[in-house]
Amino acid sequence: MAEVKTKVTKEGLKRALRIFKYVLPYKLKFSLGLFFLLMSSLTFMSFPGLIGRLMGGDDVSDSAIDQFFNLQNIDQVALLLLAAFTLQAFFSFMRIFLFADVTERAIASIRQDTYGHLITLPMTFFSNHRVGELNSRISNDISQLQDTFMTTLAEMVRQIITIVIGISLLFFYSAELTIVMLVSLPIMMLVAFFFGKFIRKLSKKTQSTLAEAQVVVDETLQAIQSVKSYANESFERNRYNLITEEVRKIAMKGAKWRGAFASFIILGLFGAIVLVIWYGVKLKNAGEIGMDELMSFILYSVFVGGSIGGVADIFGKVQKAIGSTESLFDLIDESPELTNKGDSSIRIQDGSIAFESVAFSYPSRMDKPVLKEVSFEVQAGQKIAVVGPSGAGKSTIAALLLRFYDPTQGGIRIGGNLADSYDLTVLRNSLALVPQEILLFGGSIKENISYGKPGATEEEIKLAAKKANALEFINGFPEGFDTLVGERGIQLSGGQRQRVAIARAILKDPKILILDEATSSLDAESERIVQEALETLMEGRTSVIIAHRLSTIRKADKIVVLDHGTIREEGTHNELIQIENGAYRHLSELQLTE
């Protein structure tokens with residue numbers, strides 16, 4: 001988990017304000033919402049004056065309210081109050097509706113942009129971040145922004161308007177009383193600043209720890225089969241309980257400080273109001289202020305005091321939102337894969353492959369080379385097998401071909417050109433990968449097959465399934481191609497998932513096929529069926545077969561034996577099996593004795 005940021009810097013605030021670019025397309029609606037918010041706040045601020053006048057009765061004839069509205073009696077005051085309540089209801093509805101509309105549109109755009117950017121990030125990024133953490137960024141952080149846009153910002157504007165207009169009206173009623181009331185204001189504002197800064201640290205730490213809890217949930221559910229097979233439900237429950245308990249402790253620490261701050265504000269505010277009432281009654285008794293003016297002044301004092309107290313909580317929420325925005329833009333500012341780095345006009349003419357003195361180390365382990373000076377060639381249409389013990393670097397070759405990573409040194413040529421001279425989309429559209437562990441999407445079989453060629457016709461999908469030896473088992477399901485495969489394809493067997501993946505690759509019709517131990521996890525019967533489908537798939541195209549079972553690669557045009565990142569041997573099955581004390585022969589003998 002990344003270190004939690006605890007300080008709002010100018011740069012951080014500047015980055016947070018970038019979020020408003022998502023509001024700009026809806027600036028007219030947002031401006032209308034602000035207008036109705038202003039009108040709602042102004043109407044709201046008329047209540048204390050009118051209520052004070054109403055409580056003053058009919059014996060007040062020189063009231064400022066009477067003069068402004070030309071009021072004659074309390075009946076007219078009551079009617080004016082009713083009209084104000086009606087307008088307040090209308091303005092509030094329009095404000096909530098417009099802000100909600102703008103918020104939902106803006107948040108949808110933020111979600112779309114964040115997800116769209118996330119899936120363009122390079123494999124190095126995903127190697128260093130856990131899925132649960134990324135999921136938390138998209139769900140928790142954006143939800144925090146949604147709450148801020150929909151309620152917090154509007155409430156902050158309302159409170160500011162209330163404070164500004166309220167204090168102005170307080171001076172209008174009695175400057176002397178207002179000065180008495182505002183004596184404690186600087187102290188409360190100073191405390192609010194320091195409390196808000198501290199509470200933000202705790203809030204962001206809570207968000208970060210909550211993301212860790214989400215990681216545990218995601219990992220456990222993705223590996224639920226392993227969890228249950230090892231009877232580790234209690235272990236996972238305890239692991240989750242420890243993290244959520246940590247979340248609770250941090251959240252309660254924040255709640256304790258927020259509660260202490262709220263108590264301080266309430267004590268200060270009500271103490272100030274008691275002081276105002278006491279001093280106001282003295283002024284009334286001295287004939288310097290009327291009863292209606294005193295009542296209005298007290299009500300305005302309560303409104304202003306409540307708004308000042310509410311600012312502290314709003315300030316904490318805004319701080320929390322700034323923290324979420326910073327985390328979100330940390331993700332958005334990650335550099336994506338340069339898909340158009342190469343020349344988009346260059347197309348792969350054939351499936352020839354050449355590794356030229358390729359060396360590679362994973363970015364997270366630069367001190368441990370995975371490949372060292374690897375060189376080999378594959379002609380278009382040939383089948384090359386890459387074998388070797390675990391950790392020899394076999395799957396790394398597949399990752400380099402797909403340009404999930406680039407070589408540390410040396411070069412890879414595809415179709416006669418360096419791999420990085422192609423547009424990345426063009427390159428990957430010419431390759432297809434059938435991995436050992438097939439993770440299907442949670443939709444239907446049809447949707448999973450058509451993933452190889454979005455927009456494919458039903459006839460094309462059925463033909464691909466037939467070539468992959470999948471048509472028989474698909475037709476055996478009551479819903480056929482519309483059968484839902486479940487999350488990650490859990491409703492299908494391993495062999496069935498492999499054949500769906502092969503059908504997907506057939507539909508894509510690539511120039512180069514990469515099989516990364518595609519049958520190693522299957523039983524003998526499933527392997528036979530899948531191997532037949534793979535033979536159909538490999539016809540007429542360059543195939544790179546990363547294999548553990550040597551029985552599946554005997555017909556390969558070339559076999560490369562890797563060991564500790566270097567090529568130990570290279571040749572056909574018959575050539576390599578003849579080498580005395582050879583690595584390939586040793587691997588073959590080991591498998592025969594298994």
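**From an exposed loop to the core and pocket**

Let us start at Asn 581, which is exposed with a relative accessible area of 73%; exposed means over 50%, buried under 20% and partly exposed in between, with a 1.4 Å probe and protein chains only. This is a predicted model, in which local features need pLDDT of at least 70 and side-chain atom pairs count only at pLDDT 80 or more, while totals for chains, interfaces and linings use all residues. Residues are numbered from 1 along each chain as its sequence is written, and side-chain values use heavy atoms, with hydrogens and water left out.

Asn 581 sits in the loop between helix 20 (573-577) and helix 21 (583-592); helices (H or I, at least four residues) and strands (E, at least two) are DSSP runs numbered from the N terminus. Although not a glycine, Asn 581 has a positive phi of about 60°. Most residues other than glycine have a negative phi. Glu 373, in strand 2 (residues 371-378), also departs from this pattern, with a positive phi of about 50°, and is partly exposed at 48% relative accessible area.

Next to Asn 581 in the sequence, Glu 580 makes a salt bridge with Arg 585, with the closest N and O atoms 3.4 Å apart; a salt bridge is a side-chain nitrogen of Lys or Arg within 4 Å of a carboxyl oxygen of Asp or Glu. Here Glu 580 is exposed at 59% relative accessibility, whereas Arg 585 is partly exposed at 25%. Elsewhere, Lys 29, Asp 101 and Arg 105 are joined into one network by salt bridges that share partners. In total, the structure holds 13 salt bridges. Another of them links Glu 236 to Arg 239, with a closest N to O distance of 2.9 Å. These two residues lie 3 apart in helix 11 (residues 233-285), so about one helical turn separates them.

Now turn to helix 13 (residues 394-401), where 7 of the 8 residues are buried, including Ile 397, Leu 400 and Leu 401. Just after this helix, Arg 403 takes a positive phi of about 60°. Arg 403 is buried, at 10% relative accessible area, and its side chain meets that of Asp 406 in a salt bridge of 2.9 Å, N to O. Asp 406 is partly exposed, at 38%.

What about the interior? The largest nonpolar core has 44 residues, and Ile 449, Ile 502, Ile 553 and Ile 559 have the most contacts inside it. Such a core is a set of buried Ala, Val, Leu, Ile, Met, Phe, Trp, Tyr and Cys residues joined through side-chain atoms within 4.5 Å. Helix 18 (residues 494-508) gives the most to this core, with 7 residues. A second, separate core has 34 residues, among them Ile 348, Phe 355, Leu 400 and Val 560.

Finally, the largest pocket holds about 2400 Å³ of space. On a 1 Å grid over the protein atoms alone, a pocket is an open set of points where a 1.4 Å probe fits, with protein on both sides within 12 Å along at least five of seven lines, and lining residues have an atom within 4 Å of a point. Its volume is the space filled by probe spheres set on the points, which are joined across faces, edges and corners. Of the 50 lining residues, Met 123, Phe 404, Leu 439, Phe 441 and Tyr 451 lie nearest the centre. Elements giving two or more residues to the lining include helix 13 and helix 18.
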